[in-house]
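Hi there,

Here is the structure we talked about, ready for you to open next to your notes. My walk through what turned up in it follows below.

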Amino acid sequence: MIKLKHLFSVLSLFGISICTGQPQAGMDRFVDSLLARMTLEEKIGQLNLPGAGDIITGQGESDISPRRFERGEIGGLLNLRGVERVRNLQRVSVEKSRLGIPLLIGVDVIHGYETVFPIPLALSCTWDIPAIEKTARIAATEASADGVNWTLSPMVDICRDARWGRVAEGSGEDPWLGAEIARAMVRGYQGDLTRNDEILACVKHFALYGAAEAGRDYNSVDMSRQRMFNEYMLPYQAAVEEGVGSVMASFNDVEGVPATGNRWLMTELLRDQWKFDGFVVTDYTGIPEMTAHGIGDLQSVTEQALQAGIDMDMISDLFVKYLKNSVESGRVKPEEIDRACRRILEAKYKLGLFADPYKFCDTERPARQIFTPEHRAFARRIAAESFVLLKNEKQTLPLAKQGRIAVIGPLANTRANMVGTWSVCARENSAATLVEGLREVAGKRAEIVYAKGSNLTYDPALEERATMFGRSLGRDGRSDEELLAEALEAARSCDVIVAALGESSEMSGESSSRVDLHIPDAQQALLRKLAETGKPIVLVLFTGRPLILNWEQEHIPAILNVWFGGTEAAGAIGDVLFGDAAPGGRLTTSFPRHVGQLPMTYAYKSTGRPLQSSGFEKFRSNYLDVSNDPLYPFGYGLSYTTFAYGPVTLDRTSMTSDGRIVASVTLTNTGDRDGEEVVQLYIRDVVCSITRPVKELKGFQRVALKRGESRRIDFEITLPMLKFWNAHLDHVAEKGEFEVMIGGNSAETQKKSFEFL
Ligand code: BGC
């Protein structure tokens with residue numbers, strides 16, 4: 001309290017009054033008056049975001065010695081956590097610097113904090129928008145209880161290329177669904193910043209990062225603006241409309257200009273068109289990387305970044321190093337510095353940090369609010385909802401809670417691997433292993449027999465690269481033959497085999513692009529041997545991306561894709577395998593048959609030579625050696641029950657721009673269990689001034705039906721669903737025929753047409 005008084009008195013000396021939660025005018029007055037007192041160096045200091053090193057998310061170290069805070073050279077810190085740590089550095093900034101400006105504390109709180117939820121790709125497979133919003137709300141509660149006031153999430157990059165490891169971090173291939181999720185995440189993190197358990201969000205990576213050529217991380221992106229707007233931009237724009245407080249520039253170039261220095265992106269589109277009023281931060285060392293992109297020396301790229309519209313420099317310290325000189329030599333105008341500084345100060349004001357710099361430093365909160373039983377119970381529920389049942393022949397699943405169950409595979413007995421790629425704040429060893437989870441759920445009448453069976457891969461060098469951040473699975477001292485022999489013995493002695501195979505969590509995520517999308521070699525060999533035993537097998541597949549599963553689909557009776565389910569994944573997998581919960585996920589990214597099909601989406605264009613049948617057709621758009629279809633399409637996923645769709649009906653056959661059409665379908669649960677289905681609405685613009693996809697998702701409903709129950713599901717079709725960006729980049733709907741398709745996945749729909757007048 002004394003400290004707070006200190007701050008008030010320092011600021012009142014300068015005639016600054018503090019008010020929070022007040023309208024724009026109050027903030028403007030406050031920031032104007034503060035800016036008027038700041039030196040050029042202090043203003044530039046606000047634009048500087050060094051790393052604190054509590055969490056490692058990239059290369060290089062920052063100087064965060066106290067004198068830098070005292071001189072006002074630091075506007076925020078990346079990767080700092082813990083109430084005491086934050087309080088101490090906040091105190092130096094507030095009490096020892098001339099103007100006492102508090103710090104932003106940014107952390108990658110991506111899919112939970114200490115309570116880790118499934119990876120974002122998995123969360124998107126729930127299609128459960130309120131539940132996804134709740135994960136963000138819980139993450140904000142936990143992070144804010146630990147001193148963090150800014151999360152570098154949501155990541156909303158659309159990705160249609162499974163080679164790109166960061167497909168794990170986003171919501172899949174579809175912009176409509178991606179936009180719904182972007183909005184939900186922003187609401188969850190920062191719906192009400194007057195509270196002390198909500199924090200500033202940051203939508204990233206702006207823009208088009210998920211379209212990296214050849215799926216290689218950080219690679220170039222170049223595409224027509226039509227494609228950008230129709231297929232990639234929607235989720236970023238949705239986050240901006242929802243009021244996201246900050247935007248992060250992406251590493252890639254766009255139309256030949258790195259995003260970090262791309263004025264069209266950062267100013268013309270983001271500010272002028274979308275009216276974004278928060279601040280823009282670079283990605284990790286984004287500014288110096290522009291020299292490697294080959295567009296200038298450090299001085300000039302630093303200026304280019306600021307002038308393009310970047311407000312905060314993550315890690316590189318180059319704003320502090322160069323901008324003073326840029327202003328003094330007239331290449332940068334003082335107003336350009338003021339503009340960026342104002343945006344940072346406004347963010348701090350909106351967060352309430354001027355009113356109380358220690359707003360997020362309550363030492364009693366961590367014990368009460370982090371990793372609580374309620375948060376963990378929710379994580380377990382949503383993990384089960386995110387698992388996608390890809391195959392379930394002869395009702396192999398659910399398993400009975402009895403007999404001997406062999407749990408085999410290098411992913412069956414690890415903790416670190418459960419939590420997934422961006423779980424940098426997970427408590428060490430807080431996740432149960434799959435073996436423990438299955439034992440807990442199966443109870444006493446079942447015996448779980450574990451054998452490792454193989455290493456992650458035969459290649460130790462690949463394994464090391466794939467477990468770089470200390471998430472080593474531990475290479476077994478035994479030979480491949482010994483591991484296999486032990487597993488086969490265990491398998492033969494059991495009634496059923498649960499094979500826990502797939503990627504290690506570091507095989508997807510940042511800097512984890514792959515061209516071979518099969519289950520790694522040693523595990524594939526193990527699976528084939530297990531299949532030869534003739535025992536029923538359930539493949540529990542861990543992965544952060546679509547894998548190629550042709551052989552598995554043909555030979556393994558049951559496949560449950562569990563992604564990386566977070567701290568409660570093991571229990572959730574047990575719940576689903578033993579039928580206490582139903583697998584609820586539907587794919588938000590197509591699973592290819594061959595890596596050569598990539599990039600791939602259900603929303604492809606017809607071409608002038610579309611296929612007319614399912615076989616190969618000469619002089620038509622297809623491959624000699626593999627079909628065009630995915631193995632598992634977007635929207636696909638089974639349940640323990642079955643659903644039947646009645647015919648689609650429309651309440652009218654034409655629609656005007658101020659009208660609407662109701663499309664309906666009757667859904668029946670035809671199986672013998674209760675279950676949930678994701679009913680999906682797709683629309684096709686049949687004749688249009690530019691070529692358009694054969695279908696695009698425009699609505700969905702997650703519906704729970706008791707066994708035997710039927711329900712009519714209605715979708716209201718309105719003008720925004722018919723709009724697209726035309727050749728002039730106008731957002732329009734064109735008159736003519738539209739098809740409406742409804743179904744349980746993108747490949748199995750029923751359709752009806754109407755006329756847009
Ligand atoms: C990633 C960002 C992340 C940042 C800070 C970068 O390497 O691309 O997604 O927010 O590091 O950790």
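**Asparagine 392 and its neighbours**

The side chain of asparagine 392 comes within 3.2 Å of the backbone nitrogen of threonine 396. That side chain also reaches the backbone nitrogen of leucine 397, at 2.9 Å. Please keep in mind as you read that this is a predicted model. Asparagine 392 sits in strand β11, which covers residues 388-392. Leaving out residues up to four places away in sequence, asparagine 392 touches Leu397, Pro557, Ala558, Leu638 and Tyr640.

**The ligand**

Which residues come nearest to the ligand? Of the 13 residues around the ligand, they are Thr57, Asp108, Arg166, His205 and Asp283. For two of these there is a polar distance to look at. A side-chain N or O atom of threonine 57 is 2.7 Å from an oxygen atom of the ligand, and for aspartate 283 the corresponding distance to a ligand oxygen is 2.5 Å. Glutamate 510 also places a polar side-chain atom 2.8 Å from an oxygen atom of the ligand. On its own the ligand has 310 Å² of accessible area, and the protein covers 99% of that.

**Backbone spots to check**

Histidine 205, one of the residues that come nearest to the ligand, is joined to lysine 204 by a cis peptide bond with omega of about -5°. Histidine 205 lies in strand β5, residues 202-206. Another cis peptide bond links serine 153 and proline 154, with omega of about 10°. Proline 154 is found in a loop, the one between β4 (150-151) and α8 (175-190).

Two residues other than glycine have a positive phi that you may want to look at on screen. Alanine 214 has a phi near 60° and belongs to the loop between β5 and α9 (225-232). With a relative accessible area of 46%, alanine 214 is partly exposed. Serine 511 is not a glycine either, and its phi is about 55°. Serine 511 is in the loop between β14 (496-502) and α21 (521-532), and it counts as exposed because its relative accessibility is 53%.

**Helix α14**

Helix α14 spans residues 318-328, and its buried residues are Leu318, Phe319, Tyr322, Leu323, Ser326 and Val327. Viewed down the axis of α14, those buried residues fall within an arc of 140°, so they line one face of the helix. The general rule behind such a pattern is that an α-helix has 3.6 residues a turn, so residues three or four places apart point the same way. Lys321 and Glu328, on the other side of α14, are exposed.

What covers the buried residues of α14? The cover includes α3 (40-46), α12 (286-293), α13 (298-308), β10 (313-314) and α15 (334-350). Just after α14 comes glycine 330, with a positive phi of about 85°.

**Two buried loop residues**

Is arginine 586 buried or exposed? Arginine 586 is buried, because its relative accessibility is 0%. Its place is the loop between α23 (569-577) and β17 (643-645). Not counting neighbours within four places in sequence, arginine 586 is in contact with Cys125, Trp127, Val388, Gly635, Tyr636, Gly637, Leu638, Ser639, Glu676, Glu677 and Val678. One of these contacts, serine 639, is 53 residues away along the chain, yet its C-alpha atom is separated from that of arginine 586 by 9.5 Å.

Threonine 372 is in the loop between α16 (365-369) and α17 (373-386). With a relative accessible area of 7%, threonine 372 is buried too. Outside its neighbours up to four places away in sequence, threonine 372 touches Thr115 and Glu142.

**Cysteines**

How many disulfides does the structure hold? The number is zero. Take cysteine 425, which is in no disulfide: the nearest cysteine sulfur belongs to cysteine 361 and is 15 Å away. Cysteine 425 counts as buried at 3% relative accessibility, and cysteine 494 counts as buried at 1%.

Happy to go over any of this with you.

Best wishes

Conventions:
Residues are numbered from 1 along each chain as its sequence is written. This is a predicted model: local features need pLDDT of at least 70, side-chain atom pairs count only at pLDDT 80 or more; totals for chains, interfaces and linings use all residues. Side-chain values use heavy atoms; hydrogens and water are left out. A disulfide is a pair of cysteine sulfur atoms within 2.5 Å. Buried means under 20% relative accessible area, exposed over 50%, partly exposed in between (1.4 Å probe, protein chains only). Helices (H or I, at least four residues) and strands (E, at least two) are DSSP runs, numbered from the N terminus. Contact means heavy atoms within 4.5 Å. The arc is that of the directions from the helix axis to the C-beta atoms. A residue is near a molecule or strand if one of its heavy atoms lies within 4 Å of it. A polar contact is a pair of N or O atoms within 3.5 Å; within protein, one must be able to donate a hydrogen and the other to accept it, and residues adjacent in sequence count only if both atoms are side-chain atoms. Accessible areas come from the Shrake-Rupley method with a 1.4 Å probe; for residues, only the protein chains shown count as cover.
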